[in-house]
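Biologist: I am new to this model. Could you take me through the terms and show how each one is earned?

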Amino acid sequence: MDPRLPVPRCPLLVLLWAAAALSGPRSPVAAAGRSCADTRQVYAEKGYGTDIAPMTQISGEHLRLCPQDYTCCSSQMEETLALQSERDFMKAVEENSQFLLTTFSQRHRRFDEFFREIIDLSEKSVNQMFTKTYGRLFTQNAHVFQELFVELRRYYSGGSVSLTEVLSDFWSRLVERVFSLVNPQYQFSEDYLECVSKHTEQLQPFGDVPRKLRVQVSRAFIAARALSQGLATGRDIVNKATKLTADSECVRGLMRQWYCPLCRGQPSLRPCHSLCLNVMKGCLANQADLDTEWNNFIDALYQVSEKLEGPFNMELAADSISVKVSEAIMHMQENSVTISTKVFQGCGNPRPTPGRTQRSPKESGGNRRPFRTYSPEEKPTTAAGTNLDRLVTELKERLRPMQGFWVSLPHTTCNDERLAADVTNEERCWNGQTRGRYLPDVTGDGLVSQINNPEVEVDIARPDVRTRQLIMELRVATNKLRHAQSGQDMDFMDSEEGSGSGGGDYGERYNDDWPGYGPNSPPYNKPPRNPDSNPAKPPRVREKGGSKWNRNNGHGRVRSGTSGLTSSLLSLCSFLVTAALMWR
């Protein structure tokens with residue numbers, strides 16, 4: 001050894017310097033020479049050509065989204081991966097919302113098929129039982145029932161139909177037919193029968209049955225239609241809310257968290273959980289603003305479904321139609337004497353049927369029983385193989401997890417181990433720049449909270465128009481469902497409220513001593529007839545000095561000996577004043 005060379009006094013320090021030189025930050029030459037084999041492999045597995053992918057790391061000055069360190073990505077690769085990150089994001093949202101979409105679509109289809117089947121079976125049951133019970137008397141008047149079910153279907157399908165008017169019109173038509181059948185010794189013109197039907201509320205020929213049927217059928221059909229429409233609305237809302245178009249700031253955040261590690265040559269490194277949450281909350285800020293109205297909507301769906309299990313049961317309501325109609329006909333037949341007497345007093349004496357001996361109402365109705373109720377075994381059956389309670393139970397089990405879906409969507413997405421590191425792995429994850437802990441706080445939910453989002457810049461001053469429209473759609477659907485919970489149809493609030501059902505609804509307003517029930521009672525406004533089933537009548541001509549009541553339908557004068565009209569001069573005057581007021 002040359003004695004002139006200095007001998008190191010601290011051999012250990014020299015060794016440490018050497019080790020530091022070998023293990024410290026790589027020199028540009030060393031970094032540039034690192035292999036990009038892993039990056040090229042992952043890039044190729046996604047279906048992209050590797051001809052544009054560097055073999056070894058190059059300077060990252062050309063990068064626009066990722067940190068401009070040495071990289072395995074060219075400019076074209078960065079652009080391609082940015083688009084891929086957007087597709088991955090939309091796929092993740094679609095997968096996580098599939099439960100909602102499937103539930104709404106399948107439940108809507110099953111409930112819709114069930115409700116329609118119930119209506120079909122109800123009509124079939126009516127036809128079978130009434131044909132068996134009444135024979136030709138029913139088949140000759142079957143169109144009255146057919147029109148009822150046509151209108152019920154039209155209402156359920158979303159048509160602009162008032163259930164109160166539909167049922168009122170049905171009872172008015174039915175009373176005309178039944179009145180003719182319990183008085184076969186008379187001939188009745190259409191004008192005469194219309195006089196009878198116009199005063200159905202005062203006569204109450206079917207007792208309280210029409211009111212009971214209206215309440216039961218209206219509540220059930222309103223709830224069934226509201227639930228069916230609500231499920232369809234939920235399906236449409238999910239479809240629209242998940243059809244995303246990520247803006248440039250969202251795409252920047254998605255790219256930085258998912259594919260910048262790939263460009264760094266660390267494809268297995270997942271973004272830190274908190275980083276993922278901030279990116280997702282920024283990209284899904286508008287969806288999070290649906291949360292309040294969405295929760296109200298889900299709660300309203302749940303409440304209506306519970307009503308269908310109880311007092312608004314569609315199966316029971318549909319089954320009750322034939323039962324209630326049979327009871328109503330029986331009631332009118334049993335009280336035909338009283339009813340016919342009041343009609344003859346109010347509408348006049350009808351013309352006797354040629355070849356038949358005229359009999360009094362008591363004689364004509366006392367010994368004849370053309371109608372009967374049916375036995376329990378003849379009652380209609382429910383839809384085979386289906387059960388409303390089971391359908392409702394299954395629906396409620398699926399509705400509860402939907403609460404808070406939109407605000408929990410970022411968490412659901414970031415809990416996927418393919419998309420983000422586990423929350424407990426805070427040191428060995430990608431923090432947006434390198435491997436290490438993510439320090440910024442996680443932002444709140446919704447558009448306004450993104451003002452402090454460090455990953456996605458969101459313009460909180462410009463709410464999304466589509467989101468506002470979805471919020472309005474949810475509010476409208478929720479209001480309809482809430483009205484349905486109380487048996488009200490929001491589309492017919494003005495017409496349904498306080499309306500009658502064609503018999504029995506005005507029992508407390510009118511005196512049973514018809515027609516002298518009082519001059520201040522409003523006339524009965526009969527719904528218009530269906531022109532397809534009933535041809536238009538020629539307009540009536542008002543006779544001078546009288547009304548239809550004292551014209552006696554053109555068949556003579558009101559009998560002076562009839563009780564209730566001529567018992568006193570005062571009663572007669574009251575009757576005439578009432579008739580004049582009604583004619584006006």
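**Terms put to the test**

Biologist: Why does lysine 240 count as partly exposed?

Modeller: Its relative accessibility is 36%. Buried means under 20% relative accessible area, exposed over 50%, and partly exposed in between (1.4 Å probe, protein chains only). Lysine 240 falls in between, so it counts as partly exposed. Remember that this is a predicted model: local features need pLDDT of at least 70, side-chain atom pairs need 80 or more, and totals for chains, interfaces and linings use all residues. Numbering starts from 1 along each chain as its sequence is written, and side-chain values use heavy atoms, without hydrogens or water.

Biologist: How do you know that lysine 240 and glutamate 473 form a salt bridge?

Modeller: Their closest N and O atoms are 3.2 Å apart. A salt bridge is a side-chain nitrogen of Lys or Arg within 4 Å of a carboxyl oxygen of Asp or Glu. The pair meets that limit, so the name applies. Lysine 240 is in helix H11 and glutamate 473 in helix H22, 233 residues apart. (Helices are DSSP runs of H or I, at least four residues, and strands are runs of E, at least two, numbered from the N terminus.) Glutamate 473 is partly exposed, with a relative accessible area of 30%.

Biologist: What makes glutamate 306 and lysine 396 a link between separate parts of the sequence?

Modeller: First, they form a salt bridge, with the closest N and O atoms 3.7 Å apart. Glutamate 306 belongs to helix H16 (residues 291-309) and lysine 396 to helix H20 (residues 388-399), so the bridge ties together parts 90 residues apart in sequence. Accessibility splits the pair: glutamate 306 is partly exposed at 32%, whereas lysine 396 is buried at 14%.

Biologist: How many salt bridges are there in the whole structure?

Modeller: The search finds 21. Another of them joins glutamate 427 and arginine 437, at 2.7 Å from N to O. Both residues lie in the loop between H21 (405-414) and H22, ten residues apart in sequence. Some salt bridges share partners and join Arg107, Arg110, Arg390 and Glu394 into one network.

Biologist: Why is alanine 477 called buried?

Modeller: Its relative accessible area is 10%, so it falls under the buried limit. Alanine 477 is found in helix H22. Beyond its neighbours within four places in sequence, it is in contact (heavy atoms within 4.5 Å) with Thr233 and Phe297.

Biologist: What makes an empty space a cavity?

Modeller: On a 1 Å grid over the protein atoms alone, it is a set of points where a 1.4 Å probe fits but cannot get out; lining residues have an atom within 4 Å of a point. Points join across faces, edges and corners, and the volume is the space filled by probe spheres set on them. Seven cavities reach 30 Å³ or more. The largest has a volume of about 130 Å³. Its lining has 13 residues, with Leu137, Phe138, Leu174, Leu181 and Ile329 nearest the centre. H8 gives the most to this lining, with four residues.

Biologist: How do you know which stretches to treat with care?

Modeller: By pLDDT, the predictor's confidence in each residue, from 0 to 100. The chain has a mean of 78, and 73% of its residues reach 70 or more. Over residues 1-30, though, pLDDT is below 50. It also stays under 50 over residues 358-384. Where pLDDT is low, the predicted coordinates should not be read in detail.

Notes. 1 Å grid on protein atoms, 1.4 Å probe; cavity = no way out; pocket = protein on both sides within 12 Å on 5 of 7 lines; lining within 4 Å.
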